[in-house]
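Dear colleague,

I am handing over the structure below, and after it I set out what I found. Please read the notes with the coordinates open beside you.

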Amino acid sequence: MIAFVLRRLIQAVIVMVAVAFFAFLLFPYVGDPVVFLLGQDAKPEQIQAHRALVQQMYKLYGARHFDRYEFLLALTDKLGGIGLEHQRSSENSGDTGYFTEWDKTWLGRDLLPHEFNHSWNGKYRRGADLTTPNFNVPMGDSLLWLYEGQTQFWGQVLAARSGLWSPQQARDVLANVAGTYDRGRPGLAWRNLQDTTNDPTIAQRRALAFRNYQMSEDYYSGGQMVWLDVDGVSRRHAVIRIDAADRAVIEDLGSTNGTFVGGVPVARATLLRDGDCIRIGTVELTFRAWVDTPTKRIARRT
Ligand SMILES: [Zn+2]
């Protein structure tokens with residue numbers, strides 16, 4: 001019995017030593033983020049990129065719903081890989097060379113931005129069928145293309161904005177994802193992105209044969225492409241107004257990606273006609289105009 005207790009004690013000590021090698025990054029709500037690092041030396045510019053991540057996320061959302069947020073980042077090859085989001089914290093693991101081999105381990109550095117983004121997108125605000133009154137009601141995943149797709153998008157954009165990635169690294173990753181959809185994916189002919197949210201239940205993250213035909217958890221990468229598309233539209237992009245002569249006129253409001261009518265860039269106020277094709281970012285709209293024509297009144301007998 002004593003041997004058993006001793007063994008347990010030794011195990012506990014080993015676990016505590018292992019914990020000491022984890023890096024804890026704690027970012028309190030008030031003031032500048034504070035970073036505590038245990039076990040691995042990090043260069044000031046590496047710490048700065050993590051501080052910048054917090055500031056950039058606050059700029060992105062403009063508001064915080066928590067008093068404090070904590071990242072647990074385990075740099076170890078003794079535990080399985082994890083990235084698990086909560087509203088006020090996340091549990092993450094990274095390569096043992098996370099800080100010491102910064103240039104070689106960059107690919108995994110969008111993990112913290114991804115999980116941090118979930119505090120807003122997924123936890124503070126979540127898909128309608130994911131919000132259940134209690135744990136006896138199964139949660140629905142129909143909006144994971146938003147929950148994960150938009151988070152995948154912002155996670156990688158924020159990795160670049162914070163300096164965890166260089167702008168070129170972020171572009172390369174986006175281009176690589178876009179390249180896999182560029183020539184169409186056969187699976188999209190029978191399975192839409194929303195349906196791929198069922199994939200973890202069906203396939204349980206096992207390796208799949210005929211990946212392009214079966215599809216997989218495409219709600220991450222395909223969703224990311226949707227939100228990349230959406231981001232091509234500026235907040236104040238274009239306006240359609242009725243002028244003094246009762247005609248519809250479209251104007252571009254200095255948008256980043258421009259407004260097009262019939263394929264022609266809108267450089268100045270442009271007259272719209274019924275059936276005109278307007279393009280804003282990658283979104284195409286058809287302009288329809290109806291003229292009210294008075295109909296003959298039919299006398300009604302009573
Ligand atoms: Zn996620």
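At roughly what angle do the axes of helix 6 and helix 9 cross? In this predicted model, the axes of helix 6 (residues 167–182) and helix 9 (residues 218–230) come within 10 Å and cross at roughly 105 degrees. Because angles of 65 to 115 degrees count as roughly perpendicular, the two helices are roughly perpendicular to each other. Helix 6 makes the contact through Leu174, Val177, Ala178 and Tyr181, while helix 9 contributes Ser221, Gly222, Gln224, Met225 and Leu228; sorted by class, six of these residues are nonpolar, three are polar and none is charged.

Turning to the interior, the largest nonpolar core has 21 residues, and those with the most contacts inside it are Leu53, Leu112 and Leu158. Helix 2 (44–61), strand 2 (68–75), helix 3 (111–117) and helix 5 (149–162) each supply at least two residues of this core, with helix 5 giving the most, at six residues. Beyond its neighbours within four places in sequence, Leu158 is in contact with Leu53, Gln56, Met57, Leu60, Pro113 and Asn117. A second, separate core of six residues includes Trp145, Leu146, Tyr147 and Tyr220.

Finally, Tyr98 lies in the loop between strand 4 (89–94) and helix 3, and this residue is buried because 22 other C-beta atoms lie within 10 Å. Not counting residues up to four places away in sequence, Tyr98 touches Leu75 and Thr105, and its C-alpha is 9.1 Å from that of Ala42, although the two are 56 residues apart in sequence.

With best regards

Note on methods
Residues numbered from 1 in each chain as written. Predicted model: local features only at pLDDT ≥ 70, side-chain atom pairs only at ≥ 80, totals over all residues. Axes fitted to C-alpha atoms, helices over the stretch in contact; angles between N-to-C directions. Helix = DSSP H or I, 4+ residues; strand = E, 2+ residues; numbered from the N terminus. Parallel < 35°, antiparallel > 145°, perpendicular 65-115°, else oblique. Contact = placed C-beta atoms within 7 Å. Nonpolar A, V, L, I, M, F, W, Y, C, P; charged D, E, K, R; others polar. Core = buried A, V, L, I, M, F, W, Y, C linked by C-beta atoms within 7 Å. Buried ≥ 20, exposed ≤ 12 C-beta atoms within 10 Å, placed from the backbone.
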